[in-house]
Amino acid sequence: MKKAELVSGLVLLAFGISLWAVLIPWQVAAAPGAIISPRMMPRLCAAVLVVLSLVLIVQSLAALRREGDTSGPVFSRAEVVATLGVVGLFAVATLLFVYTGPLLPGLAIIVLPMLVLGERRIAMLTLLPAGLMGGAWLLFYVVLGTSFQ
Amino acid sequence: MIDAFFAPLAAGFASIAEFWTLLYICFGVAVGYTVGAIPGLGKGTATAVLIPVTFYLEPVAAIGLLIGIAKGSTAGSAISAILMNTPGEPSSAATAFDGYPLAQQGKAGKALKMGLYASVIGDLLSTLCLIALAAPLAQFALEIGPVEQFAILLFSLTFIGALAGKSLVKGLIAGTLGLLVATVGMEIETAVPRFTFDRLELFDGVPLIPVAIGMMAVSEMMLQMANHRALDRQVAEIRISSRPEDSRVTGADWRRCLPAIFRGTGIGVFVGILPGLGASVASFMSYGATARMSKTPERFGKGAIEGVAASESADNAVVPSSFVPLFALGIPGSVIAAILISAFVIHGITPGPMMFVEDAEIVQSLYAAMIVASFALLGIGLVGQSFFAWVIRSPMRVIAPAVLFFCVIGSFMQGGGLFGIGLMVLFAVLGVLAKKLDFSFVTFLIGFVIGPSLELTLRQSIPLLDRDIANLAQHPVAAVFIGLTIVLIAIMALAEIRRRNRASRRSETPLSLKATGRNT
């Protein structure tokens with residue numbers, strides 16, 4: 001965890017510096033006529049972020065020197081796989097939505113995780129998607145009169 | 001005095017005495033109860049996902065439904081804590097200390113019922129405290145200016161950042177990142193776009209709902225799916241006794257539990273009003289106080305029914321009282337309050353002191369809806385306890401896809417279509433990182449929600465103070481809150497240094513003992 005703290009401190013420090021030096025000048029106009037610059041709040045956040053990430057780095061370095069880091073990895077393999085899997089699932093669903101409309105991505109979001117997590121009962125694989133998608137259709141299309149287009 | 005309390009309440013009851021409004025409140029409680037009972041899901045997830053549905057409802061029905069979810073979920077989380085030793089929400093962890101041993105003794109029904117009664121009493125009394133406290137506090141807030149508002153907002157965010165996580169620095173970083181994300185969109189004075197990357201969808205700022213759904217619900221599902229086998233094993237171990245005497249709450253139980261319930265309610269109300277402390281702190285404080293004051297403290301942890309009552313009353317008392325800063329000052333003291341702000345705004349209401357002037361009737365109706373939700377909690381809890389116990393047996397391979405489906409719908413409806421889903425996925429990944437690296441996503445979300453108000457009041461304060469901090473002396477309330485912010489940071493920093501020093505001494509001791517051969 002202490003190594004992870006050190007790495008997150010370094011990443012946040014880099015982000016804070018790039019925010020101040022690159023992102024704010026690029027993405028927020030100076031507006032010289034304004035009473036208070038629109039860059040004020042982002043600059044305040046960047047400055048606080050740099051200071052706090054420096055404190056985090058110093059804290060984690062000191063802790064590492066004193067105690068070492070005997071803890072295991074912060075993320076387990078299963079957590080990394082699940083996170084990437086869900087991101088991939090949403091990417092596939094988005095593509096399906098663009099090319100086919102809402103029905104297929106809805107099915108994919110329900111059925112694919114069920115299969116990956118080990119659901120093999122045909123009744124459940126049929127009834128859950130039908131119930132959820134039927135309920136959503138009834139609520140949004142029929143009762144509330146809106147759509148997913 | 002009594003008239004001033006009850007007359008508006010009576011008007012509120014009259015305005016919600018309508019079938020559909022009452023149905024939506026009860027529906028909210030039932031959904032909340034179900035969601036709360038399932039480990040990993042919670043009131044934040046359920047309210048964020050269901051906000052798009054409330055878009056089409058009347059304001060009181062919509063917000064009543066969401067508050068119903070919050071109340072139901074808090075009570076429902078005791079079910080899995082008692083039956084599975086896995087709290088539905090972290091705030092019910094203390095309930096499991098005695099609830100689970102009671103369940104192992106075959107007295108799950110008794111523990112579940114006492115948990116429910118304690119929840120309802122804590123919730124109802126806390127709602128009455130909200131009604132009594134919010135209006136006078138709002139009256140005070142109406143008399144303060146932007147300088148004071150800025151100081152109070154800054155103090156609240158620091159307080160939440162300092163207490164919501166394990167590390168002060170990480171809490172403050174999370175709050176600062178929330179403030180930074182809140183600056184995306186058109187700047188209020190000059191209409192200069194900030195961090196929009198020429199995308200029209202970002203000109204109005206980053207929408208809250210996809211951010212909240214991503215950070216809370218989707219990230220939680222990612223972690224739960226990674227751990228689904230262990231969760232499913234716990235579900236398979238649930239046992240419920242069929243003996244009626246194990247399901248009854250007796251007079252002796254009541255005599256033991258009532259003092260614990262009232263004490264827990266008091267602690268819950270106090271903790272709920274302070275932004276950021278959260279229900280977990282209240283339930284552990286209440287449990288600890290009850291165990292310490294007991295004549296037989298050795299029973300605690302082995303199935304003491306008053307342990308369940310103490311924890312659940314405090315847990316549920318936090319929810320209504322956490323709305324005191326939201327209603328009176330417009331400051332969200334919890335994630336649920338932060339999410340509720342967007343529901344208020346969707347329905348044209350701005351939470352804060354002006355709400356008591358401009359939307360007084362809606363406030364009265366909301367109070368009445370909250371009291372109705374308390375009684376709905378009792379009715380639905382008693383009738384549906386077996387059903388909710390059955391629901392939590394659903395395996396993760398069924399729950400996770402259903403939750404992901406609702407998350408997509410919520411983000412699509414509230415985030416501008418596919419753009420909202422993209423935001424949801426981005427913040428889900430950030431949510432996983434935040435949870436695993438112990439950066440408080442609660443502080444992030446609250447920083448994000450109060451960011452616009454904080455910036456606006458800061459912009460107003462600078463000319464008012466004539467760009468000279470010494471002029472703060474003319475604003476004593478603001479000076480006190482700025483002073484409190486500095487003192488809080490100093491105290492928390494010292495506490496953190498002491499904790500780290502203690503931890504390092506502990507880790508060094510066994511090594512030195514080993515080296516001298518004195519380790520036994």
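Of the 520 residues that make up chain B, 60% count as buried. The model behind this number is a predicted one. Chain B holds 21 helices and 2 strands. Its radius of gyration comes out at 23 Å, close to the 24 Å that the globule rule gives for 520 residues, so chain B is as compact as a globular protein of that length. Laid along its principal axes, the C-alpha trace of chain B spans about 75 × 70 × 50 Å. As for how the chain folds back on itself, take the contacts in chain B with a separation of 6 or more: 79% of them are accounted for by residues 24 or more positions apart.

Chain A comes in two pieces, with domain 1 covering 2-67 and domain 2 covering 77-143. Taken over C-alpha atoms, the centres of these two domains of chain A are 39 Å apart.

Next comes the place where the chains meet. Chain B brings 47 residues to the contact and chain A brings 51. On the chain B side, helices H8 (168-182), H9 (208-226), H18 (396-414), H19 (418-437), H20 (441-464) and H21 (476-516) each supply at least two residues. H18(B) gives the most to this side, with 11 residues. Sorted by class, the side of chain B that touches chain A has 33 nonpolar, 6 polar and 8 charged residues.

Then there is the nonpolar interior. The largest nonpolar core has 207 residues, and Ile82(B) and Leu445(B) are the ones with the most contacts inside it. Helix H6 of chain B, residues 108-142, contributes the largest share of this core, 17 residues. Chain A takes part as well: domain 1 (2-67) and domain 2 (77-143) of chain A both give residues to the core, so it lies between them.

Leu445(B) is a handy spot from which to look around. Setting aside neighbours within four places in sequence, Leu445(B) is in contact with Gly178(B), Ala212(B), Met215(B), Val335(B) and Ala338(B). One of these partners, Met215(B), is found in helix H9 of chain B, a helix that also supplies residues to the side touching chain A. Met215(B) has 28 C-beta neighbours inside 10 Å; the cut-off for buried is 20 or more, so Met215(B) counts as buried. Not counting residues up to four places away in sequence, Met215(B) touches Phe427(B), Ala428(B), Leu430(B), Gly431(B), Phe441(B) and Leu445(B). With Phe427(B), the sequence gap is 212 residues, yet the two sit 5.3 Å apart in space, C-alpha to C-alpha.

Two residues of chain B stand out for their backbone angles. Most residues other than glycine have a negative phi. Asp198(B), which is not a glycine, has a positive phi of about 60°. Asp198(B) lies in the loop between strand E2 (193-194) and H9 of chain B. With 8 other C-beta atoms within 10 Å, Asp198(B) is exposed. Arg467(B) is not a glycine either, and its phi is positive at about 55°. This residue, Arg467(B), is found in the loop between H20 and H21 of chain B. Arg467(B) has 9 other C-beta atoms within 10 Å and is exposed. Both of the helices flanking Arg467(B) are among those that supply residues to the side of chain B that touches chain A.

Terms used: Residues are numbered from 1 along each chain as its sequence is written. Chains are lettered from A and ligands numbered from 1 in the order in which they are written. This is a predicted model: local features need pLDDT of at least 70, side-chain atom pairs count only at pLDDT 80 or more; totals for chains, interfaces and linings use all residues. Helices (H or I, at least four residues) and strands (E, at least two) are DSSP runs, numbered from the N terminus. The radius of gyration is taken over C-alpha atoms; the globule rule is 2.2 Å times the number of residues to the power 0.38. A residue is buried if 20 or more other C-beta atoms lie within 10 Å of its own, exposed if 12 or fewer, and partly exposed in between; C-beta atoms are placed from the backbone. Two residues are in contact if their C-beta atoms, placed from the backbone, lie within 7 Å. Domain bounds come from an automatic or database domain assignment. Ala, Val, Leu, Ile, Met, Phe, Trp, Tyr, Cys and Pro count as nonpolar, Asp, Glu, Lys and Arg as charged, and the others, Gly among them, as polar. A nonpolar core is a set of buried Ala, Val, Leu, Ile, Met, Phe, Trp, Tyr and Cys residues joined through C-beta atoms within 7 Å.
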